[in-house]
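Biologist: Could you choose a single part of this model and take me through it closely, before placing it in the whole?

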Amino acid sequence: MADSLDIVTESKSRMQWWKDAKFGMFIHWGVYSLLGKGEWVMYANKIPVKEYEKLAEEFNPTQFDAKAWVHCAKRAGMKYIVITAKHHDGFAMYHSRTDPFNIVDASPFGRDPLKELSEACREEGIRLCFYYSHVIDWHHPHALHDTFNNLWDYELEKKAFFRYWNHKAKGQVRELLTEYGPVGLLWFDTSGGLSKKESEAMVNMIRGLQPDCLINSRVSHWPDFGDYQSKGDNEIPMHGEETREWETPMTLNQSWGYSTKDQVWKSTDALIRKLVHIISKGGNLLLNVGPTETGIIPEKSTLRLEEVGEWLARNGEAVYGTSASPFPYELEWGAVTVKGDTLFLHVYNRYWPAEELVLNGVRNTVKKAYMLTDPSTCHHVHQSYQPETDHHEMRIRLPELPPEDHVSVIA
Ligand code: JFZ
């Protein structure tokens, strides 16, 4: 009993930076970026391993600039970066000594992007984190190739799988945790039929190498392993549905890896609303970009991120380091966060035209209500109480027009 309590406390303090951060950048980048058809192209187009290796020989992202990417994340108000160190295609985006199928040994580029990113992140105070596809690897003959194939018999294939698991998967995770400085978190994906014993061995290895490195739920056997839960793509849970920490992984368009066809972009307005909606429920937003084969984050992405960053630069106090809304239901006008004894009411601009907003259940007497971006403002607040129904009502008068872009925050 004492042991399990200790583990929970430890996990809480290890999690603090991540809980305060709220907003991170996801990067899907690899040999697949060459084809502009997403990160599943090898599988979807049934590209043979030998042919995919030839593609790797063409992968030469000469425009890659680690500092530019880190600046982009920072300007967007993101506090950490999670980049694909190895996706399902099995290609390591760093100089791996465990497997020669990597960007330094199998491509003409000759540089280690993760090393450059780790340096740029350290300079800029951004936490660098790695995505690692630990069970699926299309380049390795003994790894799992098809997630959705229920015929994969873990027991039957075990011996062969362990040749992959013990050498490449564990070897590469070890490299990532020993060669690139402190790693904020490891983002695992699609654990297939991984046994509890193997997951535990992986977790113990990570804790042994970097005890503060967070591990997401997809390592397998959540909630026994993992520090927080990664929800499905774009998935936002109901209020109070989650008892543990969680995040929503989301794309700016509809693809993770670079796609030339996909032009369905989320608007800046929608992105900011999604961010505040997620944090008001206690989650984090991990928002994805898919850089091109030359190493450029597409302009459609950077423009939106800059606008989100401009909003955060003005309203970040209502985002970073806040806690979830104490009101356990959706509000028609927006979302709530809280810090100390201040409530932040994030009013979606599309709620206007409106004269006031209503918030029920506040027993405290409100001292002052002001626009976060202009503390000299003062909004009229009317609080009332009905003893028969024990009903506390609060009405706050709104300005005629929304004072901020996208979402206007009343503190
Ligand atoms: C996985 C990958 O297959 C995909 O390529 C991408 O990296 C994405 C972030 O993660 O896809 C998943 C895996 C699990 C869920 C959704 C997408 N899920 O649990 O809903």
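**Helix 4 and its surroundings**

Modeller: Just after helix 4, Gly 77 adopts a positive phi of about 85°; helices here are DSSP runs of H or I with at least four residues, strands are runs of E with at least two, and both are numbered from the N terminus. This is a predicted model, in which local features need pLDDT of at least 70 and side-chain atom pairs count only at pLDDT 80 or more, while totals for chains, interfaces and linings use all residues. Residues are numbered from 1 along each chain as its sequence is written.

Helix 4 itself covers residues 66-75, and its buried residues are Ala 66, Trp 69, Val 70, Cys 72 and Ala 73, where buried stands for 20 or more other C-beta atoms, placed from the backbone, within 10 Å of the residue's own (exposed is 12 or fewer, partly exposed in between). Viewed down the helix axis, these buried residues fall within an arc of 155°, taken over the directions from the axis to the C-beta atoms, so they line one face of helix 4. An α-helix has 3.6 residues a turn, so residues three or four places apart point the same way. The partners against which the buried residues of helix 4 pack are strand 1 (23-27), strand 2 (80-86), helix 5 (113-124) and helix 9 (299-315), with contact meaning C-beta atoms, placed from the backbone, within 7 Å.

As for the whole, the protein has nine helices and 14 strands, and 43% of its 411 residues count as buried. Among contacts between residues at least 6 apart in sequence, 70% join residues at least 24 apart.

Conventions: Contact = placed C-beta atoms within 7 Å.
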